[in-house]
Every structure is written in structure tokens, then in C-alpha cells.
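I opened this model to look up a few local details and to place them within the overall fold. My entries follow in the order in which I checked things.

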Amino acid sequence: MLHGKDRKVIARFETEPPLGTRILLDDQVYELIEAEPYIRKTDGQPTRLLHWGTACPETGCGHPMRVTSGLMVAELQRRCAAHRLITKPVNGKRCRRVQIRIELP
Ligand SMILES: [Zn+2]
């Protein structure tokens, strides 16, 4: 069932991916560092909460960040708290689709 909203889906894992799995959004790397059980609020089903480690892509920053997602990975935060206030997209590439790659360890 694909709806318009699914355009924002980055990855959809059937089961918990192994630790060390990497999602790359352009050159920004998100590495799976932890996974924990989670009860999904919408339907009460047990699922997994995935914790990804990444670094702020702003030039000269590189602040380490931890972002969470479900097995269905929608939007991932790109920048640290300080740089999130800047509204321009990362590298100013609004018109171009972000390149998504998934690498298993
Ligand atoms: Zn930053």
C-alpha cells in the first residue's frame, strides 16, 4: 500500500538489521549502534527501536549524534541541535533527491 507519504521512507527492514548496518544519505553515514524492544504506540505491536550514530554534516562541525527510528526508517535527522535551526537543506541540494544506500556489516 503505497501512499504519497512513503516517498519519505528511507528504508524498511523486515526484521532487526544487524548492529553495524549502515545507512548512507549522500555522504552522511548512520551506523546502527543499538536496537531495543519497543511497543508500537499506534497498534500496540512489539517492534524494535533502532539507534543510529551519525555526525553533523555541517562543515567544521561533525558533532556526534544519536537518532532513533523504527524498522521503517522515515526521515533521519541530519544536523546537530545548533545547526538544525538553519533551514537550508544539507549542502543546499534541495532539488536533488538524496542518494540512499544501505550497507550490511
Ligand atoms: Zn553541527
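Leaving aside its neighbours within four places in sequence, which residues is Q77 in contact with? I looked this up on the predicted model, and with those neighbours set aside I found Q77 in contact with M65 and V67. I placed Q77 itself in the loop that lies between β6 (72-73) and α1 (81-84). I then took the C-alpha to C-alpha separation of Q77 and R66, which comes to 9.1 Å in space, the two being eleven residues apart in sequence. Is Q77 buried, exposed or partly exposed? I noted it as partly exposed, because 16 C-beta neighbours fall inside 10 Å of Q77, whereas a buried residue would need 20 or more.

Next I went through the elements of the chain. I counted one helix and seven strands, and reading from the N terminus I wrote down the run β-β-β-β-β-β-α-β. For the chain of 105 residues I recorded 11% as buried. I also recorded that, among contacts between residues at least 6 apart in sequence, 39% join residues at least 24 apart.

I turned to the sheet. In what order do its strands stand? I read an open sheet of five strands, ordered β5-β4-β3-β2-β7, with antiparallel pairing. I marked β5 (64-69) and β7 (100-103) as the edges; each has a single partner strand, so one side of each is left without a neighbour in the sheet. From one strand to the next I noted a twist that averages 30°.

I followed the pairing of β3 and β4 in detail. Strand β3 (residues 28-39) runs antiparallel to strand β4 (residues 46-55), and I found eight bridges joining them. Along this pair I saw that E34 stands opposite H51 in β4, and that E36 has L49 of β4 as its bridge partner. The hairpin of β3 and β4 has six residues between the strands, and in that hairpin I noted G44 with a positive phi near 70°. On passing to the pairing of β4 with β5, I recorded six bridges in the antiparallel sense, with P64 in β5 as the bridge partner of A55.

I then asked which residues make up the largest nonpolar core. I listed six residues in all, namely I23, Y30, L32, L50, W52 and V73. To this core β3 and β4 each supply at least two residues. I followed V73 further and, leaving aside its neighbours within four places in sequence, found V73 in contact with I10, A11 and I23, the last of these being a core member as well.

My last entry concerns a backbone angle. Where does D26 lie? I placed D26 in the loop between β2 (22-25) and β3, and I noted that D26 has a positive phi of about 55° although it is not a glycine. I counted 16 C-beta neighbours inside 10 Å of D26, so this residue is entered as partly exposed.

Note on methods: Residues are numbered from 1 along each chain as its sequence is written. This is a predicted model: local features need pLDDT of at least 70, side-chain atom pairs count only at pLDDT 80 or more; totals for chains, interfaces and linings use all residues. Two strands pair if DSSP finds at least two bridges between them. Helices (H or I, at least four residues) and strands (E, at least two) are DSSP runs, numbered from the N terminus. Axes are lines fitted to C-alpha atoms, for helices over the stretch in contact, and angles run from 0 to 180 degrees between N-to-C directions. A residue is buried if 20 or more other C-beta atoms lie within 10 Å of its own, exposed if 12 or fewer, and partly exposed in between; C-beta atoms are placed from the backbone. Two residues are in contact if their C-beta atoms, placed from the backbone, lie within 7 Å. A nonpolar core is a set of buried Ala, Val, Leu, Ile, Met, Phe, Trp, Tyr and Cys residues joined through C-beta atoms within 7 Å.
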